[in-house]
There are 2 protein chains.
Amino acid sequence: MGRITTLEEHACCGGRIGFYSHASDSLGLEARFGVFLPPRALAGERVPVVHVLAGLTCTQETFLIKSNAVRFAARHGLALVAPDTSPRGAGVAGEDDAYDLGTGAGFYLDATTPAWRRHYRMGTYVSQELPELTQAHFAIDGARRGIMGHSMGGHGALVHALRAPQAWKSVSAFAPICHPATVPWGEKAFAAYLGSDRATWARHDATLLLEAGHTHPTEILVDQGESDKFLHDQLKPELLAAAARQAGQELRLRLHAGYDHSYWFIQSFIADHIDHHSAVLNAL
Amino acid sequence: MGRITTLEEHACCGGRIGFYSHASDSLGLEARFGVFLPPRALAGERVPVVHVLAGLTCTQETFLIKSNAVRFAARHGLALVAPDTSPRGAGVAGEDDAYDLGTGAGFYLDATTPAWRRHYRMGTYVSQELPELTQAHFAIDGARRGIMGHSMGGHGALVHALRAPQAWKSVSAFAPICHPATVPWGEKAFAAYLGSDRATWARHDATLLLEAGHTHPTEILVDQGESDKFLHDQLKPELLAAAARQAGQELRLRLHAGYDHSYWFIQSFIADHIDHHSAVLNAL
């Protein structure tokens, strides 16, 4: 298992939050991630973990510092693991030209097109390398692992949980991109990363995965603000809900009047998400 | 009363957080600030308010998004008001050369030296203009106003509360610069903003204010991390504690093993600070 370098560590809520870098095999680049360990993990006990996936333009720090999640993870004895949102410094032409493609916009998938496939492998990174790395270096119980995310990260959380429900025992999302294959953010990213054959996009789309028979054994929790300016053009939770109904997937989709796409929305409902993951993971 | 321009507003924790700009009379420049209003203020009731002063390099957003304060302010029915940490764009030679002087480093005082005195008037801004402006535009009860801050902002909170205890009914601080007249951050800033006559510095130093007989009628709450790298050279809470003892000032100074100077420290203890202010302000 690879070495990690400690960038910074801070006591927080009785536990410890840290940011680390490592030479990522799957990305072929140095990558950074954050880990919160609750008090009992510092005492040596292996604890359940929730991986948190942030949205476009964010880093490994954003969700941890802005969501208010840490205080509730500490209370429930959960670790948190936060990857970056893309490789950094891959050197792909144009990767820094737009906020929704390339740097900060990895979409938690493995690119297959010649331009992107060398480094843009966040799918493998999130599903395999980072869980293995963090379980090797921290008191984390990989058998009790959940996943959540926001926007692009909500897409990532839903897709990874539906594809590997045995690996991700609990799942939730804030304002996820529910059907990326049919909205501008997803079409742009998938065309670049996966190419023009839309059949290859299906396994990176939560609504299409549900339609194809993938389900998760636990209830999926999704919170969505009704004043989110991306709701109708980019997010489309009603399509996820329809697919879930068809598939027999339990989904608790909560619509919140007045709330938008920001971390102010996330911090308003984060306690319920940590409760949701704790109820599943701490019962295992 | 001056006009304000809404930059952004977000639903949060049942209330609303907003960021605004206005043409500041005291600064002679456009200035930005943040306001959180709890649910009952949105219903029209005038609520108590805590002004929050951030530290070096921060903006009007930093404390609000990183401290976790909003959720507790919502619960206790408190508004929060957050100024920027300095004027922006004053055009003083060298104001952007260092993190601890000029932009992002206004020290919540009125400069008197020729180079700085035209725009660097955060003392008047924080003590008069911003309270009056926010009470005029929002459902805030100016008779129930508290103040808290971090580091440079902790210095500001202590100094303003000790100088005007009738205006600031409650006060607390995280890792404040307790005796700026004798530490590098304070000596650099005071020499630039106030000049070389150290006698003029005394009214901008919480420890010296206590020694001169200024006290606050309520207990002052101060939290300090023992692993804070600035503790011994810049912060010196033991000198504040000694002066408080001499002055008969109630001070609850809590030292926390392992905690540092970051917002991870602040978010670990913010609930106690909001409780502290609520206990005073909601009893008025």
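A disulfide is counted here when two cysteine sulfur atoms lie within 2.5 Å. Keep that cut-off at hand for the first exercise, and remember throughout that this is a predicted model.

**Exercise 1. Cysteines**

Task: Find how many disulfides the whole structure holds, and work out why B:Cys13 is not bonded to B:Cys12.

Solution:
- Step 1. Start with the search over all chains, which gives zero disulfides.
- Step 2. Take A:Cys58 as a case: this residue is in no disulfide, and the nearest cysteine sulfur, in B:Cys12, is 16 Å away.
- Step 3. Now turn to B:Cys13. Its sulfur has that of B:Cys12 as the closest cysteine sulfur, at 3.9 Å, which is too far for a bond.
- Step 4. Check the surroundings of both residues. A:Cys58 counts as buried, with 9% relative accessibility, and B:Cys13 counts as buried at 17%.

**Exercise 2. The interface of chain B and chain A**

Task: Describe the contact between chain B and chain A: how much area is buried, and which parts of chain B supply the residues?

Solution:
- Step 1. Count the residues on each side: 26 of chain B are in contact with 26 of chain A.
- Step 2. Add the area. The two chains bury about 2,100 Å² between them, and 55% of this is on carbon and sulfur atoms.
- Step 3. Look for the main contributors in chain B. B:Ile65, B:Arg71 and B:Trp264 lose the most area to chain A, together 36% of what that side buries.
- Step 4. Sort the polar terms. The rule finds zero salt bridges across this interface, while ten residue pairs are in polar contact there.
- Step 5. Map the chain B side onto its elements. At least two residues each come from β1 (5–12), β2 (15–24), α2 (62–66), α3 (69–76) and α10 (263–281) of chain B. The largest share, seven residues, belongs to α10(B).
- Step 6. Finish with composition: the side of chain B that touches chain A has 15 nonpolar, seven polar and four charged residues.

**Exercise 3. Salt bridges**

Task: State how many salt bridges the rule counts over all chains, then examine some of them one by one.

Solution:
- Step 1. The total comes to 18 salt bridges over all chains.
- Step 2. Begin with A:Glu9 and A:Arg16, which form a salt bridge with their closest N and O atoms 3.5 Å apart. A:Glu9 is partly exposed, at 36% relative accessible area, and A:Arg16 is partly exposed as well, at 27%.
- Step 3. Next come A:Arg121 and A:Asp110, whose side chains meet in a salt bridge at 3.9 Å, N to O. Both residues lie in the loop between β5 (79–83) and α4 (122–137) of chain A, eleven residues apart. A:Arg121 is partly exposed, with a relative accessible area of 28%.
- Step 4. Move to chain B, where B:Glu219 and B:Arg252 form a salt bridge, the closest N and O atoms being 3.1 Å apart. B:Glu219 sits in the loop between α7 (206–211) and β8 (220–225) of chain B, and B:Arg252 in strand β9 (residues 251–256), so the pair ties together parts 33 residues apart in sequence. B:Glu219 counts as partly exposed at 24% relative accessibility, as does B:Arg252 at 34%.
- Step 5. Close with a network: salt bridges that share partners join A:Asp223, A:Arg254 and A:Asp272.

Key:
Residues numbered from 1 in each chain as written. Chains lettered and ligands numbered in written order. Predicted model: local features only at pLDDT ≥ 70, side-chain atom pairs only at ≥ 80, totals over all residues. Heavy atoms only, no water. Contact = heavy atoms within 4.5 Å. Buried area = accessible area lost by both parts, 1.4 Å probe. Salt bridge = Lys/Arg side-chain N within 4 Å of Asp/Glu carboxyl O. Polar contact = N/O pair within 3.5 Å; in protein donor to acceptor, adjacent residues only side chain to side chain. Helix = DSSP H or I, 4+ residues; strand = E, 2+ residues; numbered from the N terminus. Nonpolar A, V, L, I, M, F, W, Y, C, P; charged D, E, K, R; others polar. Buried < 20%, exposed > 50% of the residue type's maximum accessible area, 1.4 Å probe, protein only.
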